[in-house]
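Student: I should like a close look at a single part of this structure, namely one open sheet and what surrounds it. Please take the strands in turn and then turn to the cysteines and the ligand.

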Amino acid sequence: MKFSLARMVQEQVERAADIIDIPENIREILKCPMLLLKVTFPVKMDDGRVVCFTGFRCQYNNIRGPTKGGVRYHPEVTEDEVIALAAWMTWKCALVDLPYGGAKGGVICDPTKLSEGELERLTRRYTTEIMPILGPHSDIPAPDVFTTSKTMAWMMDTFSMFKGYTEPAIVTGKPEAMGGSLGRKQATGRGVAIVIRELYNKLGWRLEGATVAIQGFGNVGGYAAFFLDQMGAKVIAASDSSCAFVDARGLPVTELMDCVEKHQCLAAYGKLKSCDRDSVLYQDVDILIPAALENQIRKDNVTDIKAKVISEGANGPTTPEADEILEKQGIHVIPDILANAGGVIVSHLEWVQALSGLYWEEEEINQRLEKRLVRTFEEVWYKVQERKVPLRTAAYIMALDRINEVYRYRGIFP
Ligand code: NAD
């Protein structure tokens, strides 16, 4: 049977639902997305050709509020992947107690082969196609893999042009000049580092000098490296889709970030020799951060992993089979819905600022992020002790509890 990411999320949820008393009717609702839109649309290319692209927007569940989730541009985007990512957003927003449901969007394309003009036309047309289901109180997109603040600017402008007024609350992760929140760009990577620090504190381990390997040196991986480096850890391996660098003396994190900012890939960094891309996963390090795509740590490669802690910057990098093996080996896995929740926490702050028109200092944003994430980590850790379950199951138990409680009050319409 073909591997399904949507089934993988379902397995993770069911494991938690089996432990706590979630009513069968609620489990039934949470098995499927509430809305899935598939669109195919033409885009004029620079050479005069017209090419049709296919995109999706999935709203998984909105019982806790408007749906929230990124938009991904990648050649391997599928309906199944978008559903799974929308489901993870639902669990993540519930876990960190934001007034949001979960959504995700994606367009099947290779953005590295499109010009800026082509990307803009693709983004504006995709936005137009999914506009009937978007809105600051219904569904709010954000950046994800290979989409950026510029993509969000085009989405916001397109939505605003149709409405006839400027609507900054329609997207998050937009440029600061047009209402983007200070600290949003760094938020996900900062969160990945914060939860590692919290786990190390609980375990009584020293983060200073701990070695780190990062798969996917993009927005999340790059900033995770930066903040861990600041906390005294040593990043010794990093990869992106172009290449990988390993240096036991420690990598020049800020130089690598500058290189990616300028050239969009690590390969342009001339001072180090590239090695096998996947070798980053198997380094003898204390901490591994998969921050690229799903399905990276699987049954067939999990036994090659040597890290003692895995913090999932990416969504869904570990399959349930691999998860079980890691658990037996005593490896601590900080699950995606907790590890990378910093992004949506600050996206929520960006949305609140846009709705109110009152903008906060970066210090205020960072403090709020830190407070919410540390509190959630404490709650999850408490559940780990109470239920004798791994971090992932504890996180799902909390998310399920929160969603179930709202269903208890709201009931099922009609
Ligand atoms: P990004 O496009 O900025 O970075 C992704 C990086 O992964 C790129 O450097 C790319 O080259 C690299 N990559 C792709 N395939 C790879 C491979 N096989 N081996 C090594 N590197 C590879 O995207 P991002 O925003 O950093 O997102 C990364 C992950 O984090 C995704 O799973 C995304 O869903 C998740 N995430 C992102 C945010 C956010 O705020 N950006 C929030 C939560 C979760």
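Tutor: The account below begins with the basis of the values and then follows the sheet, the cysteines and the ligand.

This is a predicted model, in which local features need pLDDT of at least 70 and side-chain atom pairs count only at pLDDT 80 or more, while totals for chains, interfaces and linings use all residues. Residues are numbered from 1 along each chain as its sequence is written, and side-chain values use heavy atoms, with hydrogens and water left out.

The part in question is an open sheet of six strands, in the order 8-7-6-9-10-11 and with mixed pairing. Strands here are DSSP runs of E with at least two residues, helices are runs of H or I with at least four, and both are numbered from the N terminus; two strands pair if DSSP finds at least two bridges between them. At the edges lie strand 8 (244-246) and strand 11 (332-334), each of which pairs on one side only. From one strand to the next, the twist averages 20 degrees. Such angles run from 0 to 180 degrees between N-to-C directions, with axes fitted as lines to C-alpha atoms, for helices over the stretch in contact.

Within the sheet, strand 6 (residues 211-215) and strand 7 (residues 234-239) run parallel and are joined by five bridges. Thr211 stands opposite Lys234 in strand 7. Helix 7 (residues 219-230) packs on the sheet and touches strand 6, strand 7 and strand 9 (287-290), contact meaning heavy atoms within 4.5 Å. The direction of helix 7 makes about 170 degrees with that of strand 6.

As for the cysteines, a search of the whole structure finds zero disulfides, a disulfide being a pair of cysteine sulfur atoms within 2.5 Å. Cys243 is in no disulfide, since the nearest cysteine sulfur, that of Cys265, is 7.1 Å away. Cys243 is buried, with a relative accessible area of 6%; buried means under 20%, exposed over 50% and partly exposed in between, with a 1.4 Å probe and protein chains only.

Around the ligand there are 23 residues, of which Asp144, Thr188, Asn219, Ser241 and Asn315 come nearest; a residue is counted if one of its heavy atoms lies within 4 Å. A backbone N or O atom of Val220 lies 2.9 Å from an oxygen atom of the ligand, and a polar side-chain atom of Arg184 lies 3.1 Å from a ligand oxygen atom. In the side chain of Arg277, an N or O atom is 3.2 Å from a nitrogen atom of the ligand.

Terms used
Polar contact = N/O pair within 3.5 Å; in protein donor to acceptor, adjacent residues only side chain to side chain.
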